[in-house]
Each structure stands twice: as structure tokens, then as C-alpha cells.
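Please open the model in a viewer and keep the selection panel at hand. The stops below move from a single residue to the core and then to the loops.

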Amino acid sequence: MLRMLIRRLALGAITVFLVSLIIFAGVEILPGDACTAFLEREAQGQLLENCRQELGLNRPATERYLEWAAGAVTGDLGVSANGQKQISELVGYRLRNTLLLASCAMLAGIPLALFLGVVAALWRDRMADLTISTIAIGAMTIPEFVSATLLILIFSVWLGWIPGIVLTSANAPISEFFPEIFLPMMVLTFVMTAHILRTVRSSVIEAMASDYAQMATLKGVPYWRIVFRHVLPNALLPAINVVALTIAWLLGGVVVIETVFNYPGLGRMMIDSISDRDLPVTQAIALIIASVYVGVNLAADLLTMIANPRLRTLHMRKD
């Protein structure tokens, strides 16, 4: 178990390192830089040269990357290219806001997905299953910006119940984001629930057809005892990895949702930093998202192994 954990941590560190390299190279090859974006029409001559010298953009790219990477290892994300503010201060509130949005979506979506997935599996090919599966397929097919626009049109324009966009500032208290956060939360919950319930449905159907479930049925074990004691504990194991991937997507893949609803989170901040060619901020956000993604997947693997004795035995034999 310990060797497996060390291997996964090493693989995660390599993944984060490669992500930082790709982001740095991707922004570096784009035309212009932070000075040209900041100075706009005045970006020429000595003024442009002085700006690049002040921000250190006239140094070799390798030197700038190594300096940033060394600081990131110690927790120092540096300063932004535009405004020279500490990135940790800029990212702090945005990370909190994204975590708030993701947490609300998870608290609503995960229990709902598990419940609907089990219902669809136990009433397979009946009206409940057909209805749930149809809605899930629709949620997985419709682009997020389309469902977001429809919700704004229905609940904000037609009914006037909920604000269509978030006008609260990034550093406002959490309580001030309600009820503005409800619509983006509904979109994320809609998509997340669809993906998880499809996995839960397939796992429960497979578990119901397994040998141990059939043997319990032949022995006369009550149906609901088979479901809750034998089927669900085994069927929900595959859902752990799907939930982990969904959580990672919520924290790093909400760019579209945050942009549509003007939500002051990490995704919106990353779009702004790319537009402004603010490489340090872009790299810091990408590093945070990659670290969260690796950490969540590592936690999911460990939970799956702890819950499944066969996987523990398999890894012990390999070690």
C-alpha cells in the first residue's frame, strides 16, 4: 500500500510538472506579451522596453520558468504581470468562490445521482428507467452554455425569480452570493448528476445479475435485503472514480459556466489572465487545478482500494 502511494504521488508530481511546462510554452508562443496587452497602442519603443525590463520579460524563457517553478515549490506563486500584486492574494478569493460553487453542486448532485441511478437500475426498462435515462442523455448531450442560457431565460427573464448573472464582487462574504449562485449551481448539478447516475445504473444492473445476487435469490433472501446488503455496497464502488473525476471537473472545468454567469471564480480569472497575457497568474491557476485533479484521483484510488479487499490483495502481491 505504501509503495503504491509513493508511486502515485511521484506520478502526480510529474503530471503537475508537465502541465506547468505545457501552459508556460503555450502562453509563450502566443504573439505579444503582458506589456503589449497592458500598453496597447503605446506598446513600442523605449516605453515597451522599459516595461519588459521591469517585469523581467526580457530574460530567457527558461530562466523565467525555473525561477517561477522554484517559488511554486515553496508556496510562493509570485506576482502578477499586470499590477504587480501577489498572486496568492488574487487567487485566494477566486479559489474560495469556485470551491463554494463546486461544493453546492456536489451536495445537491451526488446524492441525487446515486438515488436516481439505483431507481433506474431496479426498475430497468420501466417508465422510471426510461424517463431518468432520457433526461440523463439529454443532460450529457446539451452543451453547458445552452442549458445555462435556457435557465437564465426561464428563471430570470420570464419568471424573474433568480438573478441571471452574478454581480457580487470576488472578495464579498459567502452569504452575499445567494441567491445568485443558484443558476450556475443548477447547471453543474444537471450535468454532474447525468454522468454519475449512468455509471451507478450500469453497476447496479451488473451486480443484480452477478452470481452472489442470484444465489441469494435462490436461497430465498428477501429482495430488498439483497439490494441493500449485497448489491449496493459492491455496485457503488465503480462510482467512486466517476465522482472523483466529476469533482476534478467541477474545480477545473467550470470556465464556461463562470463566464456565462459572470461568476468570480478560478475559471473566469484564468480566461481574463490569458486575455491579458498575465503568464504568472495563468500558470498559478493551471498548477492549482492540476494539483487538485491529481489529489482527487489519488484519494479516489485509495478509497476504492480500501473498500475493495481484492484490490488490496492484488497490490500487495505486486509489491
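Leaving aside its neighbours within four places in sequence, with which residues is S133 in contact? Select S133 with R198 and R201: these are its contacts beyond that window, a contact being heavy atoms within 4.5 Å. S133 is found in helix 6, and helices are DSSP runs of H or I of at least four residues, strands being E runs of at least two, numbered from the N terminus. S133 is buried, at 10% relative accessible area; buried means under 20%, exposed over 50%, and partly exposed in between (1.4 Å probe, protein chains only).

The model is predicted, with local features requiring pLDDT of at least 70 and side-chain atom pairs pLDDT 80 or more, while totals for chains, interfaces and linings use all residues. Residues are numbered from 1 along each chain as its sequence is written, and side-chain values use heavy atoms, without hydrogens and water.

Next, display the whole chain as a cartoon. The protein has 15 helices and zero strands, and 40% of its 319 residues count as buried.

Now select helix 5 (residues 87-122) and helix 8 (residues 182-208). Their axes come within 6 Å and cross at roughly 35°; axes are lines fitted to C-alpha atoms, for helices over the stretch in contact, with angles from 0 to 180 degrees between N-to-C directions. By class, this contact has 24 nonpolar, four polar and one charged residues. Nonpolar here covers Ala, Val, Leu, Ile, Met, Phe, Trp, Tyr, Cys and Pro; Asp, Glu, Lys and Arg are charged, and the others, Gly among them, polar.

Turn then to I196 and V204, which have the most contacts inside the largest nonpolar core, a set of 51 residues. Such a core joins buried Ala, Val, Leu, Ile, Met, Phe, Trp, Tyr and Cys residues through side-chain atoms within 4.5 Å. Helix 5 gives the most to this core, with 13 residues. Around V204, leaving aside neighbours within four places in sequence, show its contacts V118, A121, L122, V231, L232 and A235. A second, separate core of 21 residues includes W68, A284, I285 and I288.

Finish in the loops. Most residues other than glycine have a negative phi, and most peptide bonds are trans. D125, in the loop between helix 5 and helix 6, has a positive phi of about 65° and is exposed at 57% relative accessibility. In the loop between helix 7 and helix 8 lies P179; the peptide bond from F178 to P179 is cis, with omega near 5°.
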